[in-house]
Amino acid sequence: MSKRCYYEILGLARTSSGDEIKSAYRKAAKEHHPDRNPGDATAEHKFKELSEAYEVLKDGDKRAAYDRFGHAAFEQGHGGRGGAAGFDFAASFTDVFDDLFGEFMGGGARGRGRSNRGSDLRYDMQISLEDAFKGRSAQIKVPSAVACDVCGGTGAEAGTKPETCPGCAGHGKVRAQQGFFTVERTCPKCQGRGSVVRKPCKPCSGRGHIQTERTLQVDIPPGVEEGTRIRLTGEGHAGHHGAPPGDLYIFFSVAEHPIFQRNAHELYCRVPIGFATAALGGTLEVPLLSGGSAKISVPEGTQTGHQFRLRHRGMPVLKGNGAVGDLYVEVKVETPSKLSKKQKELLRAFADNSDGAQPECEGFFAKMKEFLSGGG
Ligand SMILES: [Zn+2]
Ligand SMILES: [Zn+2]
């Protein structure tokens, strides 16, 4: 029997992108999946064809070999198993099931040797810097597949039980001749479970789980950072046919704050001060992320860019047993820009009497004079 073109099987053009290949495969594989077409040999054959085509086209190297040599790329005598274009049938099936069926079958078809555990879920949550500081508890709604309680997750109609799979006698794997090799692969009848359901449970259509939405309580610990993730064990998708559920991972991002910038457990804050305060010294009131404010005493002659450190006024350290980072307040001296006539007069009077008051300016001026007179 001559083999059909892999692109044709998936209904794709040769120029299709990886994402197009994946989505075409998912769509077709769902339709022809043996679980949805029990006892249908045509669907089973189509499903096998699809999986084989996808296995090659999703992999850049295999796809390139196929584009160049066609099916011959994966036949005996052309590189053979383990060669650059080698096609390991047994491995490929596990691989396909892992990255695809894990997602839409609730992890059901991972092969009997491995766990039938449900797939993990990811939930992205953005929180404010204040929440990251204090921690809080939040309620989230998670779309998820939960075990069907009518059949207890087996997928078999109430009063019936899944039967030992006739295709593999319950082993979950079948051996097939591939050229000179005997390869073992996941049983296509039962997807490696070793059992089949004759009369599917109606509420879950034999899948053993139903789609629903759950409300979960999440405790956000103080000190959460951008990229922090927490795992809620067992809160992922239900396992297929009674297997344990996957986990739920919450990935945090922390929104920008209008006043504070954060670097791990340190906080930074830029505060403008008037030039008279900077020159004469005084008190500066600065905000705290915990709420309220603190007073900093500004010494005489404070320059722009000077940082004041407030110990333990920064961010709590995640799981740090109460350790808290520092807050750095950087001052920016504001040059007056909207002066009244009277103010200008006062400043001119200051400028006329400012000898020795601005050592940096005077020092630079002296250096410049020396440089220019030195013939440079
Ligand atoms: Zn059910
Ligand atoms: Zn089987």
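This predicted model has an average pLDDT of 83. At least 70 is reached by 88% of the residues. Residues 76-114 are a weak stretch, with pLDDT under 50 throughout. For that stretch the model has 103 contacts beyond four places in sequence. Where pLDDT is low, predicted coordinates should not be read in detail.

**Zinc site**

Four cysteines supply the protein donors of the zinc ion (ligand 1), each through its SG atom.

| Donor residue | Atom | Distance to the zinc ion (ligand 1) |
|---|---|---|
| Cys148 | SG | 2.3 Å |
| Cys151 | SG | 2.3 Å |
| Cys201 | SG | 2.3 Å |
| Cys204 | SG | 2.3 Å |

The site is tetrahedral, and angles among the four donor atoms run from 102 to 116°. For four tetrahedral donors the ideal angle is 109.5 degrees. Along the chain, the donors are spaced as C-x2-C-x49-C-x2-C. Cys148 sits in the loop between β2 (136-147) and β3 (163-164), and Cys204 in the loop between β6 (195-196) and β7 (209-220), so this pair ties together parts 56 residues apart in sequence. Cys148 and Cys204 are both buried.

**The β4-β5 hairpin**

Strands β4 (residues 173-178) and β5 (residues 181-186) run antiparallel. Six bridges join them. Ala176 faces Val183, a residue of β5. Two residues lie between the strands of this hairpin. What phi does Gly179 take there? Gly179 has a positive phi near 60°.

Methods:
Residues numbered from 1 in each chain as written. Chains lettered and ligands numbered in written order. Predicted model: local features only at pLDDT ≥ 70, side-chain atom pairs only at ≥ 80, totals over all residues. Heavy atoms only, no water. Donors = N, O, S within 2.8 Å, 3.2 Å for Na, K, Ca; no water. Tetrahedral: all angles 85-135°; square planar, octahedral: opposite > 155°, others 65-115°. Helix = DSSP H or I, 4+ residues; strand = E, 2+ residues; numbered from the N terminus. Buried < 20%, exposed > 50% of the residue type's maximum accessible area, 1.4 Å probe, protein only. Pairing = 2+ DSSP bridges. pLDDT = per-residue confidence, 0-100. Contact = heavy atoms within 4.5 Å.
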